[in-house]
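Here's a short set of exercises on charged pairs in a protein. Grab a pencil, look at the picture, and try each task before reading its solution.

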Amino acid sequence: MQDENLSKIDIEDQNIRDNKELNIWEAMVPVIILMGLLAYNIFFVDGQEWFGTYTNQIILLLGGGVAMIGGFLNKVSFRVMLKEIWENLRSVFVPIMILFLVGALAGTWLVSGIIPAMVYYGLQVLNPSIFLPASVIIAAIISIATGSSWTTSATVGIALIGIGSALGIPAGMIAGAVISGAYFGDKMSPLSDTTNLAPAMAGTDLFTHIRYMTITTVPTIIITLIAFTFMSMTVDTKGSADISDFLATIDSTFYITPWLFTVPAVVIVLILFKTKPLIALATGVILAAIFAFVFQPNILNSIADSKLGAITNAVLTDTSIITDNEKLNDLFSSGGMNGMLWTIFLICCAMVFGGVMDAIGALARITKELLKLATSVFGLFASTVVSCLGLNVIASDQYLALVIPGKMFKKAYEDRGLAPENLSRTLEDSGTVTSVLIPWNTCGAYQSGVLGVGVGEYFIYAIFNWLSPFTTLFFAALNIKIRQLKAK
């Protein structure tokens, strides 16, 4: 899902650290302090005014500091904690590089006219009355084909945000539709790393896992599509006169031609042929820069004294293209690589907190306590869901939210006579898809950074993502399609 298989290979062999010296209350103290500070910052200090722009990052580091103190008191050496922090930071090196390239991609695709062309043609093709369900379907198709929700957001997701915003549809709704479709496709794609990781942890095979997931996933995506269809019919969008004005402004500002779609087509083809994401995205940046020289010389001249300088600005820093339409001015701006720094710092700080929590044995302790609550079949499913959700919050990484519960709960499912695909499906329904709902989780930080929409704005509209855990619990509570182990 994160477009990088390095973490997947390493994390499958990861040893989950246990610490018998640490009790559950000591394990929970850093979590309680972290959640308390984050809640106080959100509800009482207006989000980013407490410690400035990087308030959330500072809170994560404070939480990590509290966890370190707990580690020292329970005989965990500073060296062990530093080693775990380093391993966590190393595991997100490639995603961070991807984020930098996505920033560069957004800047070069803007100045080359690719994003304006997507908006220009998209306004004419995507009717407002079907825009949101169409966005879900488009994102799902691309994500199934690529196996990556991250790639989907960085390509068609950015375009759909631009088109929908021009139509007057709230950005949170559009982002929720894109994320819902992207995570459905990612979850059901045999090319996805998390879709391969979940059955590996549970002890089943890939295609048994995918087939079994359809039982809960198909009803969830159907409900999601119905909800977005209703929203599309009720949302207040712009009239045709406004759209005509948008089209005229784009046409007079940029040189619009279908040839511009060559660049995103090349990127998608490279990904379909399993080219490494860094190479595919870098190719998209380079081709877009060339296309900017060829198709948009006037735009480059308006940005900087030299065309090369304009391209450099687009890659590295803020770029704004001024038109005679104020709403398009907001749309046609990009932060380049610089615009991704807040997100990257957030991921790094989350990895520090998660690394310390793992090193002191807190993650294992919390998961074991949840396992003790599983006194029935439904309790076992519920404990798995809560464990996955909790680890997405605490460890800030969806891989750990699959691996740790997968290892901890595997024997419990076997002892209850439950087939391993029950566990693998529950891991995906609650671990994979909910990662994007946590602002400091790598997935939440990535999606909000790429789409330019805060998690708080799209949370309620990411229907597929928050509905999936409820669907799996509903099926478990009614004992619907709960597969038993075959007698040997």
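**Exercise 1.** In this predicted model, decide whether Asp 429 is buried or exposed, then find its salt-bridge partner.

*Solution.*
- Step 1: Check the relative accessible area of Asp 429, which is 1%. Buried means under 20%, so Asp 429 is buried.
- Step 2: Look for the partner. Asp 429 pairs up with Lys 187 in a salt bridge, and their closest N and O atoms sit 2.2 Å apart.
- Step 3: Place both ends. Asp 429 belongs to helix α22 (residues 420-432) and Lys 187 to helix α9 (residues 171-188), so this pair ties together parts 242 residues apart in sequence.
- Step 4: Check the other end too: Lys 187 is also at 1%, so Lys 187 is buried.

**Exercise 2.** Work out where Lys 372 and Glu 369 lie and how exposed Lys 372 is.

*Solution.*
- Step 1: Both residues are in helix α19 (residues 362-372), 3 residues apart, or about one turn of the helix.
- Step 2: Their side chains form a salt bridge, 3.1 Å from N to O.
- Step 3: Exposed means over 50%. Lys 372 has 57%, so Lys 372 is exposed, while Glu 369, at 23%, is partly exposed.

**Exercise 3.** Which residue does Arg 483 form a salt bridge with?

*Solution.*
- Step 1: The partner is Glu 421, with the closest N and O atoms 2.9 Å apart.
- Step 2: Arg 483 sits in the segment after α25 (463-477) and Glu 421 in helix α22, 62 residues apart, linking distant parts of the chain.
- Step 3: Arg 483 is partly exposed at 37%, whereas Glu 421 is buried at 8%.

Terms used
Residues numbered from 1 in each chain as written. Predicted model: local features only at pLDDT ≥ 70, side-chain atom pairs only at ≥ 80, totals over all residues. Heavy atoms only, no water. Salt bridge = Lys/Arg side-chain N within 4 Å of Asp/Glu carboxyl O. Helix = DSSP H or I, 4+ residues; strand = E, 2+ residues; numbered from the N terminus. Buried < 20%, exposed > 50% of the residue type's maximum accessible area, 1.4 Å probe, protein only.
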